[in-house]
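Me: I would like a close look at a single part of this protein. Please start there and then work outward through the rest of the chain.

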Amino acid sequence: MTHRLIAVLPIVLSAAAALAGEVVFDTPSDDRWHYPFNFDPGRRGTASCFGSTADPNFTTFNDRDGIILIAWRTDDQVCTDLPPKSYDIRSVRVTLTGAVCSVCPVADWYVDLTTDPWFNLDYPITDSDLGQPLELFGVGFGPDYTYSNWVETSLYVGGDDQELVPRDPFPFIFDATTGAMVHVEDSVKDQFTPTPWSIGVPVGYVRGHQTVPFPVNFDVNLALSDWRVRDYFQEQLRSGRVFAAVTALTVTFKQAPTGFPTFFTKEGIALHPDARAPRLTIDLVPSGDVDGNERRGQADWKEMRNCLDGPDLTPGPGVVLSADGCLCVFDLDEDGDVDLQDASRFQQRFSGGN
Ligand SMILES: [Ca+2]
Ligand SMILES: [Ca+2]
Ligand SMILES: [Ca+2]
Ligand SMILES: [Ca+2]
C-alpha cells in the first residue's frame with residue numbers, strides 16, 4: 001500500500017542522484033547484436049533474436065544464435081556503493097521496440113508467451129504452438145570479459161561456423177539449489193529448459209500487418225531463484241551498470257530481415273520516427289535501511305539523524321552517507337530533502353532492534 005502511494009506521487013528530480021519511484025533509463029550505454037556474423041558490432045541500428053537448432057548442419061553455432069546484449073549506466077540517477085540489500089527494488093521492466101524499417105517493412109513473427117520445452121526445439125523441430133518466446137536473462141562474463149571491461153564494440157566471443165565456444169558475455173540463469181550461474185545459450189544441446197527471468201509481451205502488434213514500431217515489455221520476475229534475480233539487480237545498481245540479454249530460439253532457415261523478432265538499438269532511432277532505444281524502468285523506493293540488513297533499526301535511525309536537515313535543504317552528510325546518499329536512503333517521501341516528515345515515516349516503519 002505504501003508502495004502504491006509513493007508510486008503515484010509526482011517525482012521531484014533534484015540535481016542530486018536520488019532514489020525516486022520509477023527511474024527510467026531511456027538510452028543504453030551499450031546495445032549490441034551478439035551474433036558471429038555481425039561485422040559492425042555495437043553500431044548496427046537493429047538487432048534480432050533467433051535460434052540455430054532448425055538446421056542439423058549447424059553444429060557449431062550456439063543454439064541461441066542471435067542475442068541482444070544491453071547495458072545501461074545507472075549511476076547518474078541512482079546512488080552507487082550502498083549495501084546491496086538497501087536498494088528496495090519493487091519492479092524491473094525492459095522495453096524493446098519492435099522494428100520496421102526500409103529493409104524490414106513488415107514485422108511478421110509469431111508471438112509465443114510460454115516457454116517451449118528444449119526437446120521441441122531440437123532437430124527436427126516439433127514445437128506445436130507456433131513461434132518461440134522472447135526470453136530475458138541475466139548477463140554473465142568470462143573467461144575473456146568482465147562486468148567492467150565489456151563494451152558494445154568488443155570482439156565477438158562465442159560459437160561460429162568453425163567452432164562451438166560458449167558466449168562471453170553469456171545469458172544465464174541461477175542454479176536452483178547452488179545459486180551458480182548456468183549458461184543458457186546452448187540450452188537445447190545441453191538438454192534443459194531454462195526458466196527465463198521474463199518473457200516479452202508485444203503491445204499492439206498484429207503479425208504480418210505490422211508496419212509501425214511497437215513496444216515489447218519484459219517484466220522481470222524478481223522472486224525467481226529464491227530472489228537471486230533481485231540480488232542481481234541490487235548488485236548491479238550498486239556498481240552503476242545494469243545488464244540484460246534477450247534471446248529466442250526462433251526457428252529460422254534463412255536469416256532474412258523478417259520472420260523473426262527484430263528490434264531497434266540506440267543507433268537505430270534515426271531509422272523511423274517511432275524508433276526507440278532499449279529502455280530500462282526500475283521502481284525503486286528509499287529504504288531507510290542504510291546497513292542493508294532489510295530492517296529499519298537503531299543503526300539506521302542513528303545515521304538518519306545525521307542526515308536530517310530542515311525542509312527543502314540539502315541533507316547531511318551522514319557518517320557513512322554523502323548528501324546524495326542521505327536522499328537515496330532516507331528521503332522517504334521523495335521530495336528532495338530529509339526532514340521531520342521523513343523521520344515520521346521512518347518511525348512508522350521502524351522494525352526495532354538494529
Ligand atoms: Ca549499439
Ligand atoms: Ca512455441
Ligand atoms: Ca537496517
Ligand atoms: Ca523528504
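Reply: Start with Ala299. Its relative accessibility is 31%, so Ala299 counts as partly exposed. Keep in mind that the model is a predicted one. Ala299 sits in helix 3. Look past its neighbours within four places in sequence, and Ala299 is in contact with Val290, Asp291 and Asn354. Now pick a residue elsewhere in the chain. Thr153 is 146 residues from Ala299 in sequence, and the two C-alpha atoms are 45 Å apart in space.

Next, see how the chain is divided. Domain 1 is made of two stretches, 1-16 and 291-354, while domain 2 covers 20-285. The C-alpha centres of the two domains lie 35 Å apart. Where they meet, 13 residues of domain 1 are in contact with 13 residues of domain 2. Here is one way to describe such a meeting. The size of an interface is often given as the accessible area lost when the parts come together. For domain 1 and domain 2, about 1,100 Å² is buried between them. Of that area, 65% is on carbon and sulfur atoms.

Go back to the helices. Helix 3 spans 298-307, and helix 5 spans 340-348. Both are packed against by the buried residues of helix 4. Helix 4 itself runs over residues 323-330. This helix is mostly covered, with six of its eight residues buried. Which residues of helix 4 are buried? They are Gly325, Cys326, Leu327, Cys328, Val329 and Phe330.

Move on to a metal site. The calcium ion (ligand 4) takes its protein donors from Asp331, Asp333, Asp335, Asp337 and Asp342. Asp337 gives both a backbone O and a side-chain OD, and Asp342 gives two OD atoms. These donors lie 2.2 to 2.6 Å from the ion. Along the sequence, the donor residues follow the spacing D-x1-D-x1-D-x1-D-x4-D. Two of them can be set side by side. Asp335 has a relative accessible area of 28%, so it is partly exposed. Asp337 has a relative accessible area of 0%, so it is buried.

Now a second calcium site. The calcium ion (ligand 1) is held by Asp31 (O and OD), Gly42 (O), Glu152 (OE) and two OE atoms of Glu267. Those atoms are 2.2 to 2.6 Å from the ion. Why is the arrangement called irregular? The six donor atoms subtend angles of 51 to 178°, and this makes it irregular. In sequence, the donors are spaced D-x10-G-x109-E-x114-E. Asp31 is in strand 2 (residues 30-34), and Glu267 is in the loop between strand 14 (262-264) and strand 15 (279-285), so the pair ties together parts that are 236 residues apart in sequence. Asp31 is buried, because its relative accessible area is 1%. Glu267 is partly exposed, because its value is 27%.

A third site holds the calcium ion (ligand 2). Its donors come from Asp112, Asp116, Asp127, Asp129 and Gly131. Asp116 and Asp127 each give two OD atoms, Asp129 gives an O and an OD, and Gly131 gives an O. The distances are 2.3 to 2.8 Å. Here the spacing of the donor residues is D-x3-D-x10-D-x1-D-x1-G. Asp127 and Gly131 are both buried.

Finish with two residues in strands. Trp72 is in strand 5 (residues 64-73). With 0% relative accessibility, Trp72 counts as buried. Leave out residues up to four places away in sequence, and Trp72 still touches many others, including Phe25, Pro28, Val94, Arg241, Ala244 and Leu280. One of these is worth a second look. Ala244 is 172 residues from Trp72 in sequence, but their C-alpha atoms are 9.0 Å apart in space. Trp72 also has a polar partner. A polar atom of its side chain lies 3.1 Å from the backbone oxygen of Pro278.

The other residue is Asn217, in strand 12 (residues 214-219). Asn217 is at 13% relative accessibility, so it counts as buried. Its side chain makes a polar contact of 2.9 Å with the side chain of Thr95. Neighbours within four places aside, Asn217 is in contact with Arg93, Val94, Thr95, Ile199, Gly200, Val201 and Val203. Val94 is also one of the residues that Trp72 touches.

Technical notes: Residues numbered from 1 in each chain as written. Chains lettered and ligands numbered in written order. Predicted model: local features only at pLDDT ≥ 70, side-chain atom pairs only at ≥ 80, totals over all residues. Heavy atoms only, no water. Helix = DSSP H or I, 4+ residues; strand = E, 2+ residues; numbered from the N terminus. Buried < 20%, exposed > 50% of the residue type's maximum accessible area, 1.4 Å probe, protein only. Polar contact = N/O pair within 3.5 Å; in protein donor to acceptor, adjacent residues only side chain to side chain. Contact = heavy atoms within 4.5 Å. Donors = N, O, S within 2.8 Å, 3.2 Å for Na, K, Ca; no water. Tetrahedral: all angles 85-135°; square planar, octahedral: opposite > 155°, others 65-115°. Domains from an automatic or database assignment. Buried area = accessible area lost by both parts, 1.4 Å probe.
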